[in-house]
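Please find below a colleague's note on the model under discussion. The points are numbered for ease of reply.

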Amino acid sequence: MSELKLPKLKSVEKVPTINKRKKKKILLLSDDLRMSSGVGTMSREIVMGTLDKYDWVQIGGAVTHPDEGKTIDMSEAVRTDYGIEDGYLKVYPVSGYGNPNILKQVMDIEKPDAILHYTDPRFWGWLYHMEHELRQHIPIFYYNIWDDWPAPQYNEFFYESCDLIMNISKQTHAIVNEVARKKPRTDWDCTYVPHGINEKDYYPIKDETQLAEMNKFKQQIVGNKPTDFILLYVNRNIRRKMVGDCLMAFKTFHDSLPEEKRDRVAYVMHTQPVDQHGTDIPHLIEDLMPECRVHFSAQKLEPKEMNYLYNIADVTMNIASNEGFGLGTCESLMAGTPIIVNVTGGLQDQCGFRVNDKLLTPEDYKEIKSLHNWKEWEHNEELTWGEWVKPVWPKTRSVMGSVPTPYIMDDRCDWEDAADKIKEWYEMGRESRKECGFKGHEFVTSDDSNMSARAMCGLFIDHMEVAFKKWTPRKKINIYKV
């Protein structure tokens, strides 16, 4: 990314607080936490869930940021909304992901104790070019995800330049350990911290008033037609999300039903109908499946409405060919709605996979690497999974690549296999589906998964506190034997 010319930032005076504590200050580099992207959403959960422990400053990125060059002081708002009398949060918005100049300006003003960055390391090339200079004074933490094998040896420099790597999936944890051979990771500087969903935002709806509101919302989405079954898509309209395959899976399921029942099933798609990085979904529907009921939810929804969306659905499906975690299906489970997922990337963690009745751990994935090989795992009697999920194994795997990322596996399942899983959920009946979905809710809120926002923030604090204690500054000069 080319260097951005930004206005010089000015220091903003601190608002006096009632109780003054010496808290460490962390500088977060990621999507602006006020934005609705997946990275922005998780950034917000991490910051808000740890404000009592740390002061936070963010260089908040967006493609073209409307607030670029401003300083957004949110300290008073978080004190009022969260009751943290000494809460401290500022956002320095930038277009793109920033540059060395903006970082130095913010560091001069805020004097952070650590840098935490989040998302693909290629976005932070300029940061890694500064790592030797920075790590003489403060540590660099990384919240890391990598979608698939083969292990990306081209990421070795990035991983070895971080003092703490917190990995979003068990598979990513194994990948980092395999790549970082020159500087082997330890149990404290390479850890597992899955995404956490806020239990206050997503939950099974039982309250009568909310149920009435939810039914009105349902009518707005699918109309007044009698509807026995709703399949839900919550993903961007981009190639790797396999949106066309999702639609063909629904069509195949739809066509397998008796004719009188076909018009009583619907596919709700919470996505942009047309996207240059994906496809023209309405055109696809018009030509290939005009007889199917497909409804769009294309507008941004608040968490309350998203929870309604998950609750009106019978099943949420994600068969993306690459998926680091899969927020949509995890939010669905938190709301008590079961899922269908491709056995790839971080989606595996949501399945509750067990071998010989033992829940797989990040350490197990060092040996297993991934469960995506259907010949080895689909019919393996030692492997079981939770009642809340119907996994679909990829039947073709291709090694894709680009100049920045020369190789990565693309796991593609057969849409007819996905259609079979949709029909299995359909034939189960609504009450049985709800029962399975509630077991999924129990799983993602349990200590077995640590997929609640509360658990995620607790792990962040635990792991960063250990890193602060064990971190040693880099020397100005390193001498190597040739």
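The points below take up the pocket, the cavity, the cysteines, one helix and several individual residues of this predicted model.

1. The second largest pocket. The volume of this pocket is about 490 Å³. Its lining comprises 21 residues, and those that lie nearest its centre are R135, E160, S161, K183 and R474. By class, eleven of the lining residues are charged, six are nonpolar and four are polar. Helix α6, which spans residues 156-160, gives the most to this lining, with three residues. Any treatment of the pocket may begin from this charged, polar and nonpolar breakdown.

2. The largest cavity. How many cavities of 30 Å³ or more does the model hold? The count comes to one. The space in the largest cavity is about 50 Å³. Its lining is formed by K170, Q348, D349, G352, F353, L359, L360 and Y365. Four of these residues are classed as nonpolar, two as polar and two as charged.

3. D349, a residue of the cavity lining. D349 is among the residues that line the largest cavity, and it lies in the loop between β13 (339-342) and β14 (354-355). The residue has a relative accessibility of 4% and therefore counts as buried. Setting aside residues up to four places away in sequence, D349 touches I168, S169, K170, Y192, F443 and M451. One of these, K170, also belongs to the cavity lining. D349 and V444 are 95 residues apart along the chain, yet their C-alpha atoms are separated by 9.9 Å.

4. Cysteines. A search of the whole structure returns zero disulfides. C246 is in no disulfide, and the nearest cysteine sulfur, belonging to C413, is 7.9 Å away. C246 is also buried, with a relative accessible area of 0%. Why does C457 form no bond with the closest cysteine sulfur? The sulfur of C457 is 14 Å from that of C330, which is too far for a bond. C457 counts as buried because its relative accessibility is 5%.

5. Helix α3. This helix covers residues 100-110, and its buried residues are I102, L103, Q105, V106, M107 and E110. In an α-helix there are 3.6 residues a turn, so residues three or four places apart point the same way. The buried residues of α3 pack against the strands β1 (25-31), β2 (55-62), β4 (89-95) and β5 (114-118), and also against the helices α4 (125-128) and α5 (131-134). At the N-terminal end, α3 is capped by N99, with a side-chain oxygen 2.9 Å from the backbone nitrogen of N101. K111 follows α3 and has a positive phi, near 50 degrees.

6. N322. The residue is placed in the loop between β12 (315-318) and α12 (327-334). Is N322 buried or exposed? At 7% relative accessibility, N322 counts as buried. A polar atom of its side chain lies 2.6 Å from the backbone oxygen of M409. Apart from neighbours within four places in sequence, N322 is in contact with D147, D148, R240, I408, M409 and D410. M409 thus appears both in the polar pair and in the list of contacts.

7. The cis peptide bond. The bond from W149 to P150 is cis, with omega near 0 degrees. P150 is located in the loop between β6 (140-144) and α6. Helix α6 is the element already named in connection with the second largest pocket.

8. Positive phi angles outside glycine. T119 is not a glycine, although its phi is positive, at about 115 degrees. T119 is found in the loop between β5 and α4, and at 14% relative accessibility it counts as buried. N450, also a residue other than glycine, has a positive phi near 55 degrees. The position of N450 is in the loop between α16 (430-444) and α17 (453-470). With a relative accessibility of 23%, N450 counts as partly exposed, because buried means under 20%.

Conventions:
Residues numbered from 1 in each chain as written. Predicted model: local features only at pLDDT ≥ 70, side-chain atom pairs only at ≥ 80, totals over all residues. Heavy atoms only, no water. 1 Å grid on protein atoms, 1.4 Å probe; cavity = no way out; pocket = protein on both sides within 12 Å on 5 of 7 lines; lining within 4 Å. Points joined across faces, edges and corners; volume = space filled by probe spheres on them. Helix = DSSP H or I, 4+ residues; strand = E, 2+ residues; numbered from the N terminus. Nonpolar A, V, L, I, M, F, W, Y, C, P; charged D, E, K, R; others polar. Disulfide = S-S within 2.5 Å. Buried < 20%, exposed > 50% of the residue type's maximum accessible area, 1.4 Å probe, protein only. Contact = heavy atoms within 4.5 Å. Polar contact = N/O pair within 3.5 Å; in protein donor to acceptor, adjacent residues only side chain to side chain.
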